[in-house]
Amino acid sequence: MKQNGLKIIMRMGRVFLAGCLMLQLLVGVASANTAEKLASGGSVNASSKVDRSLAFTTDMQDALKEAEQLLYDQKPFSDWAAIGFAKNGRAVPKGFLEEKADVILNNGGRFDTYIDMTRTVIAYAAAGGSNINNIAGLDFFSAVLNNPDLEKKGIYELVPAYVVAKSSSPYSPNSNPFWYPDAFSHIIMNQQLKDGSWSESVNGKGSAMATAVALTGLSLISRSQDRELTESEQKALEWLRMQQSVDGGFEFSTAATAQVIIALSSQRMDAAAFAQQGGAHPLDFLMSRRLDEGGFSERSDGVLDMKATLHAYLALTAYKLYVNGKERLIDDLNLATGSAIIQIEGPTGTIAQGRVPSGGKAIDTALAFLKQEGIAYEMKTASSGEKVITSIKGIDALQYGGKNGWKFAEYSRYSSWMFPENASSGNVLSDRSRLLLYYGSDTTEVIDLVVVNGSNANGKLAEGRPSANSPFELFVKKANRKSGQLPAPNITVTVGGKTMVTDAKGKVAFAGMPSGVHVVTLTGYRKDAAPAMAKNIFYLSVSAPPLADFKDANQVAGWARENMAHALYEGYIQGVSVKDNVLAPKKTLSRAEFAAMLLRLVHGATDQPAGSSPFNDVPAGKWYSDEIARAAKLGITDRTSGRFEPERTITREEAAMMSANAGRLAAFGSEGRMAFGDIKGLSATSLHAIQAVNEYKVMVGSDGKFNPRQTLVREQAAAILLRLQKLLYPEKYLD
């Protein structure tokens with residue numbers, strides 16, 4: 001094939017190291033008689049049965065462990081070694097994870113080269129780091145897909161990026177990515193030469209290393225173990241067979257031969273059966289370069305070469321995984337961890353709700369949650385092999401006749417409801433999505449959207465957020481499996497203790513609500529029958545008066561004006577006196593006031609009773625009593641029992657702890673990265689919270705100080721709330 005002008009940016013002098021990088025990427029889909037067919041000139045597919053001629057021997061295991069220890073002791077520790085360590089269950093050196101996080105955070109997510117970025121985040125994830133879609137607010141999945149020069153990248157840059165693209169959360173059409181994940185495979189195939197190989201440079205000859213890396217990348221097209229090889233893969237394997245020496249090696253190089261082993265294992269082909277007629281196989285060659293003192297040489301000079309040792313370590317790991325029938329080298333590298341919300345709705349009310357890990361199938365995630373919560377359930381396996389929940393908490397399928405039972409739906413934060421019949425591989429939960437397990441039938445309504453009409457400047461109703469104490473309308477839309485959103489009539493809507501029923505257009509009208517964030521509860525319960533609609537909760541933001549309307553608006557600092565205006569619009573902050581129209585931006589906040597603001601932000605208020613307060617100094621009947629009880633229940637407060645001191649002014653240290661709790665912010669880098677000179681002596685909990693809010697840039701210090709004992713004022717709180725909003729609800733900020 002022509003290269004179509006696609007330029008490989010890596011120069012020959014850097015190729016060897018790049019190949020090292022590629023090592024990690026190795027993973028795939030194929031077979032083993034395959035190798036025998038190739039050796040005799042036949043074509044192959046990935047469904048051939050494997051007759052392994054060699055197991056993972058004791059010598060191989062010893063060589064792997066020796067190489068592993070050498071890599072562990074090497075300074076600095078190799079990013080690519082982290083992949084092999086993860087697959088072999090070996091912990092990386094202490095501090096490696098934090099060092100990688102420091103590199104990521106210090107650069108603000110920016111790297112000199114594309115390969116530096118993908119290598120760093122893959123190593124970080126493999127070493128046990130968090131979701132690469134959200135490292136202190138940085139999204140590397142999007143960064144990979146939004147590189148406009150992808151077609152100009154070389155094979156050593158494309159394959160690591162393809163790993164990230166295929167292993168992370170599905171991209172959102174609303175985020176407008178420049179590329180889509182499978183574009184990588186097309187670009188890789190477009191770079192294949194006519195003879196079936198790939199080169200390491202523009203207009204260069206075919207290289208065994210580059211070809212093996214490309215084959216590893218193409219194996220990412222599917223995780224299926226029995227897919228047919230593409231024509232591109234067939235040609236590449238045939239070309240490699242022709243390049244193999246009788247000693248089993250490639251290009252007389254340990255690294256190149258190791259890369260071929262990784263590629264074959266990625267394609268689920270037996271490297272021990274890949275050989276010329278009467279010749280040795282790649283593993284024979286690899287083991288011949290093993291040194292008595294441990295490690296591997298690159299050439300036949302017997303000199304320890306750490307790059308060759310790294311390649312050999314990853315190759316042996318890949319082959320071991322293949323022989324043992326385990327996941328491939330770069331499968332499941334912890335690249336897309338995250339969480340989703342689960343809600344279980346019965347025929348008369350909510351049974352349970354909570355958080356679950358994302359990335360798994362809906363049915364498996366729901367069953368694990370039920371077991372974790374101690375909720376009794378029954379299930380069966382259908383003739384299709386699918387698991388089906390038949391009963392939860394004694395509520396059986398068909399209990400109300402008809403075709404009622406337990407149903408699934410998933411709501412992606414960027415789209416709408418996905419039902420099982422629309423998901424060919426089953427509903428797989430994305431990060432921060434919502435899983436609804438509800439009792440009903442295929443005709444049970446699921447609310448998809450609530451459209452708000454508020455009063456505009458002329459006093460007329462128009463789509464948009466309502467202002468404080470002004471009339472507004474709600475239009476309830478239901479999800480429809482075929483024709484999109486439809487009006488939802490006869491739905492009971494409750495807001496602020498007032499209840500209405502939607503008309504034929506799905507509309508209800510209310511006289512007004514005070515500014516803030518209010519719970520809208522939508523139900524469709526029926527006596528002695530399955531619900532007409534699965535219960536839903538919607539959060540209605542009612543705006544406070546605009547900033548310009550307050551008589552002390554000019555007292556808001558210039559840096560805080562935009563944040564304050566948005567916080568008023570969102571209903572997070574209100575004036576201190578409606579009658580006198582006073583905002584008081586410089587006024588200090590009480591602990592109760594800040595907890596209430598955070599509760600509005602995270603939509604923590606529910607339609608359930610707040611319950612009793614865990615604090616002995618928060619009496620019932622105060623304006624903040626329920627808010628503090630709910631905030632404590634949701635884990636937002638900075639303490640869980642004893643005294644809360646609701647009316648005392650809040651310090652920046654305490655605000656950091658509550659903000660970190662509200663945003664579920666984790667700390668990533670090393671503690672030494674925080675260059676604050678005034679935090680020594682604080683508790684470990686406080687230090688962790690300050691590090692988290694600082695890394696996410698929710699709270700930043702000045703002049704090398706965090707000022708933990710300084711009290712928080714209202715305009716500072718507005719900035720914190722808006723920064724947290726961007727982290728919790730990034731979809732609000734999509735173009």
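## A walk through the helices and sheets

The buried residues of helix 3 are Met 60, Ala 63, Leu 64, Ala 67, Glu 68 and Leu 71. They sit on the same side of helix 3, because they cover an arc of only 135° around the axis. An α-helix has 3.6 residues a turn, so residues three or four places apart point the same way. This is a predicted model.

Helix 3 takes in residues 58-73, 16 residues in total. From first C-alpha to last, helix 3 reaches 23 Å, close to the 22 Å expected at 1.5 Å a residue. What do the buried residues of helix 3 pack against? Their partners are helix 4 (81-87), helix 13 (282-288) and helix 14 (306-323).

Next comes a single residue, Ser 185. It belongs to helix 9, which spans residues 183-190. Is Ser 185 buried or exposed? Its relative accessible area is 5%. Buried means under 20%, so Ser 185 counts as buried. A polar atom of the Ser 185 side chain lies 2.8 Å from the backbone oxygen of Asp 182. Setting aside neighbours within four places in sequence, Ser 185 is in contact with Tyr 162, Leu 218 and Ile 221.

Now turn to the sheets. Strands of a sheet pair through backbone hydrogen bonds, either parallel or antiparallel. One open sheet has 5 strands, in the order 4-3-10-8-9, and its pairing is mixed. Strand 4 (350-357) and strand 9 (417-418) stand at the edges. Each has a single partner strand, so one side of each is left without a neighbour in the sheet. Strand 8, residues 405-411, pairs with strand 9 in the antiparallel sense over 2 bridges. There, Tyr 411 stands opposite Trp 417 in strand 9.

Another open sheet has 3 strands, in the order 5-6-7, with antiparallel pairing. Its edges are strand 5 (377-381) and strand 7 (395-396). Each of these has a single partner strand, so one side of each is left without a neighbour in the sheet. Strand 5 and strand 6 (residues 387-392) run antiparallel, joined by 5 bridges. Within this pairing, Glu 378 stands opposite Ser 391 in strand 6.

Which strands does helix 15 lie across? In the 5-6-7 sheet, helix 15 (residues 362-373) lies across strand 5 and strand 6, running at about 35° to strand 6. Helix 15 also lies across strand 3 (339-345), strand 4, strand 8 and strand 10 (434-440). To strand 4, helix 15 runs at about 115°.

Further along the chain, look at strand 15 (residues 492-495) and strand 16 (residues 498-501). They pair in the antiparallel sense over 4 bridges. Thr 494 stands opposite Thr 499 in strand 16. The hairpin of strand 15 and strand 16 has 2 residues between the strands. In this hairpin, Gly 496 takes a positive phi near 55°.

The last stop is strand 17, residues 507-510. In a regular strand the side chains alternate between the two faces of the sheet. Strand 17 shows this alternation: Val 508 and Phe 510 point to one face and are buried. Lys 507 and Ala 509 point to the other face and are not buried. Strand 17 pairs with strand 13 (residues 472-478) in the antiparallel sense, over 4 bridges. The buried Val 508 is the bridge partner of Leu 474.

How values were computed: Residues numbered from 1 in each chain as written. Predicted model: local features only at pLDDT ≥ 70, side-chain atom pairs only at ≥ 80, totals over all residues. Heavy atoms only, no water. Pairing = 2+ DSSP bridges. Contact = heavy atoms within 4.5 Å. Axes fitted to C-alpha atoms, helices over the stretch in contact; angles between N-to-C directions. Buried < 20%, exposed > 50% of the residue type's maximum accessible area, 1.4 Å probe, protein only. Polar contact = N/O pair within 3.5 Å; in protein donor to acceptor, adjacent residues only side chain to side chain. Expected span 1.5 Å × (residues − 1). Arc of directions from axis to C-beta.
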